[in-house]
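Here's a quick tour of a chain, meant to be read with the structure open beside you. Let's start with how far to trust it and then work inward.

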Amino acid sequence: MAKAWMCICFLITFYLSSERNFIKVNAEMKTWCVAKPSSDQAALLDNINFACSHVDCRVLSSGCPCYSPGNLINHASVAMNLYYQANGRNYWNCNFKNSGLIVITNPSYGNCYYDYK
């Protein structure tokens, strides 16, 4: 019985101490926001429109480094990351109605560098 009680106390303490880390991503770890591969096309387009109404998305323009490949998932990932970086890199700024994913591997490719602030 004592072991069960200690285990429950540990779990409660762990939950309470980690709850803050759930909202604010570890400041020492570099993180980026990308679109979930399972996101539908409408959600990706909504994410691009929302993010680009709040941040400068010129890097997605034709002839710019992140234009190619010109598909919604890549464009949404770049736009979502620009928004995420500009707004404090926390879980809620990458949620995008549950279509965003925080990653710890730099998603940059070719000459398209994902912003990290």
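What is the mean pLDDT of the chain, and what share of its residues reach 70 or more? This is a predicted model, with a mean pLDDT of 84 and 77% of residues at 70 or more. The weak patch is residues 9-23, where pLDDT is below 50. Beyond near neighbours in sequence, that stretch has four contacts in the model. Where pLDDT is low, predicted coordinates shouldn't be read in detail.

Now for the overall layout. You'll find three helices and two strands, running α-β-α-α-β along the sequence. Of the 117 residues in the chain, 32% are buried. About 7,700 Å² is exposed, and carbon and sulfur atoms supply 61% of that area. Take the contacts with a sequence separation of 6 or more: 75% of them link residues 24 or more positions apart. One long-range pair to look up is threonine 31 and threonine 105, which sit 74 residues apart along the chain but have C-alpha atoms separated by 7.3 Å.

Next, the helix pair. Helix α2 (residues 41-52) packs against helix α3 (residues 72-86) at an angle of about 35°, with the axes 8 Å apart. Their crossing is left-handed. From α2, the contact draws on Gln41, Leu44, Leu45, Asn47, Ile48, Phe50, Ala51 and Cys52, while α3 brings Leu72, Ile73, His75, Ala76, Ala79, Met80 and Tyr83. Sort those by class and you get twelve nonpolar, three polar and no charged residues.

The loops have some backbone quirks too. Between α2 and α3 lies proline 69, joined to serine 68 by a cis peptide bond with omega about 0°. Further on, the loop between α3 and β2 holds arginine 89 and also asparagine 98. Here's how those two compare on phi, which is positive in each although neither is glycine:

| Residue | Phi | Relative accessible area |
|---|---|---|
| Arginine 89 | near 45° | 19% |
| Asparagine 98 | near 70° | 51% |

Is arginine 89 buried or exposed? Arginine 89 counts as buried because its relative accessible area of 19% falls under the 20% cut-off. Asparagine 98 is exposed, since 51% is over the 50% limit.

Back to threonine 105, which is found in the segment after β2 (100-103). With 58% relative accessibility, threonine 105 is exposed as well.

Terms used
Residues are numbered from 1 along each chain as its sequence is written. This is a predicted model: local features need pLDDT of at least 70, side-chain atom pairs count only at pLDDT 80 or more; totals for chains, interfaces and linings use all residues. Side-chain values use heavy atoms; hydrogens and water are left out. Axes are lines fitted to C-alpha atoms, for helices over the stretch in contact, and angles run from 0 to 180 degrees between N-to-C directions. Helices (H or I, at least four residues) and strands (E, at least two) are DSSP runs, numbered from the N terminus. A crossing is left-handed if the near helix is turned anticlockwise from the far one by less than a right angle, and right-handed if clockwise. Contact means heavy atoms within 4.5 Å. Ala, Val, Leu, Ile, Met, Phe, Trp, Tyr, Cys and Pro count as nonpolar, Asp, Glu, Lys and Arg as charged, and the others, Gly among them, as polar. Buried means under 20% relative accessible area, exposed over 50%, partly exposed in between (1.4 Å probe, protein chains only). Accessible areas come from the Shrake-Rupley method with a 1.4 Å probe; for residues, only the protein chains shown count as cover. pLDDT is the predictor's confidence in each residue, from 0 to 100.
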